[in-house]
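Let's take a friendly walk through this model, from one residue to a pocket and on to the surface. Please keep the viewer open as you read.

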Amino acid sequence: MNFTPEQLTTFSIVLLALGLALAGALLGVREVRRVRSDQAIGRAIHLGTAASAGSQTEAEEARPANPTWADQDLPAHWLHTKLGRMLVADEDRRLIDQCGFPSTRAQLVFLVVRIALALLMPLLMWLLLKSTGFLPQRRGLAMAFAFVIGFLLPKWVLSYSASGRRERVAQELPLFVDLLRLLQGVGLSLDQSLQIMAADFGHVMHILAGELHIANRQYSQGRTREHSLQRLATLYDNNNLAGLVALLVQVDRHGGAVQEPLQKFSDRLREHRRMELKERIGKITVKMTGVMVTTLLPALVIVTAGPGFLAVIRSLGAMTK
């Protein structure tokens with residue numbers, strides 16, 4: 001029995017869908033078993049803790065208030081498998097952190113979205129090409145292109161968002177230095193200054209205030225100032241921010257006056273910002289030259305040389321008569 005290329009493509013897609021459905025069902029069964037096992041272990045630990053405390057009712061009420069229960073209920077082990085590390089690489093996790101989602105839930109959402117788009121885009125492309133009568137021989141190439149687009153689209157969105165946040169961090173950094181210098185000038189300690197900046201200046205420093213809040217929480221939980229500020233120094237790939245964090249760590253470790261170093265650091269930031277603006281203005285000038293050549297020059301040629309061309313055309317017409 002002979003099959004047409006279209007029928008073979010249809011059978012292949014049906015078999016692929018059945019295989020994916022079977023794999024999804026197996027993963028679902030495995031996940032249900034893992035959740036039940038975790039719930040049983042959690043109940044046993046919970047009952048043991050309640051018995052040792054002498055009050056099971058208080059332990060039941062205290063369990064939802066624990067912020068780690070929400071992450072424990074998530075299938076975070078998917079991210080640590082070989083396939084999970086391939087689909088959500090270290091670079092992708094760094095981009096997720098730069099976008100302001102430092103949680104396991106965000107990584108799982110990225111994993112699910114990437115898999116869904118990688119499977120749905122080829123299917124939608126096949127349906128579209130089938131309805132438009134596209135050549136069957138080229139549908140495979142189009143579906144492969146749709147698979148690549150669906151696989152890379154979430155990362156492109158994350159890269160765009162992370163790039164915007166890095167730019168906003170660079171814009172907020174001079175204000176951060178000035179506020180820190182002002183709070184240090186009125187006699188506050190470094191810890192008090194960082195606490196006030198995280199709590200009261202979130203409306204002007206949307207990103208840095210949130211990062212300071214995370215660093216302050218880690219510091220209050222027992223980490224050193226250097227470890228708590230390590231994320232802020234390395235996450236956004238900003239050398240000026242890394243230098244400022246190194247200065248704060250040095251002051252926290254050895255003490256000393258911070259007014260003069262912050263003043264010099266602020267002046268250097270403003271000079272660097274001024275040089276960036278000059279560079280952007282130079283690039284805009286070059287771009288506007290091309291725009292003027294393509295838009296203004298033809299109109300200028302028509303206005304200035306148009307009467308001459310008309311006169312030459314009329315003279316040539318009179319000579320031919």
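A residue is called buried when its relative accessible area is under 20%, exposed when that area is over 50%, and partly exposed in between. Please keep in mind that this is a predicted model.

With that scale in hand, start at Gly164, which sits in helix H7. Its relative accessible area is 23%, so Gly164 counts as partly exposed. Now look for Cys99: 65 residues separate Gly164 and Cys99 in sequence, while their C-alpha atoms are 8.8 Å apart in space.

Helix H7 also takes us to the next stop, the second largest pocket. The volume of this pocket is about 280 Å³. Its lining consists of 15 residues, and those closest to the centre are Ala170, Asn238, Asn240, His272 and Glu276. Which elements give two or more residues to this lining? They are helix H7 (139-185), helix H12 (239-254) and H13. If you are thinking about the chemistry of the walls, the lining has 6 charged, 5 nonpolar and 4 polar residues.

From the pocket, follow helix H13, which spans residues 259-320, to Val291. Is Val291 buried, partly exposed or exposed? Its relative accessibility is 38%, so Val291 is partly exposed. Val291 is also one of the residues making a nonpolar patch on the surface, together with Ile284, Met288, Met292 and Leu296. The area of this patch is about 450 Å². A residue needs over 30% relative accessible area to be part of a patch, and Val291, at 38%, has that.

Terms used: Residues are numbered from 1 along each chain as its sequence is written. This is a predicted model: local features need pLDDT of at least 70, side-chain atom pairs count only at pLDDT 80 or more; totals for chains, interfaces and linings use all residues. Side-chain values use heavy atoms; hydrogens and water are left out. Patches are made of residues with over 30% relative accessible area and no salt bridge: like charges are joined within 9 Å, nonpolar side chains (Val, Leu, Ile, Met, Phe, Trp, Tyr) within 5 Å. Accessible areas come from the Shrake-Rupley method with a 1.4 Å probe; for residues, only the protein chains shown count as cover. A salt bridge is a side-chain nitrogen of Lys or Arg within 4 Å of a carboxyl oxygen of Asp or Glu. Helices (H or I, at least four residues) and strands (E, at least two) are DSSP runs, numbered from the N terminus. Buried means under 20% relative accessible area, exposed over 50%, partly exposed in between (1.4 Å probe, protein chains only). On a 1 Å grid over the protein atoms alone, a cavity is a set of points where a 1.4 Å probe fits but cannot get out, and a pocket is an open set with protein on both sides within 12 Å along at least five of seven lines; lining residues have an atom within 4 Å of a point. Grid points are joined across faces, edges and corners, and a volume is the space filled by probe spheres set on the points. Ala, Val, Leu, Ile, Met, Phe, Trp, Tyr, Cys and Pro count as nonpolar, Asp, Glu, Lys and Arg as charged, and the others, Gly among them, as polar.
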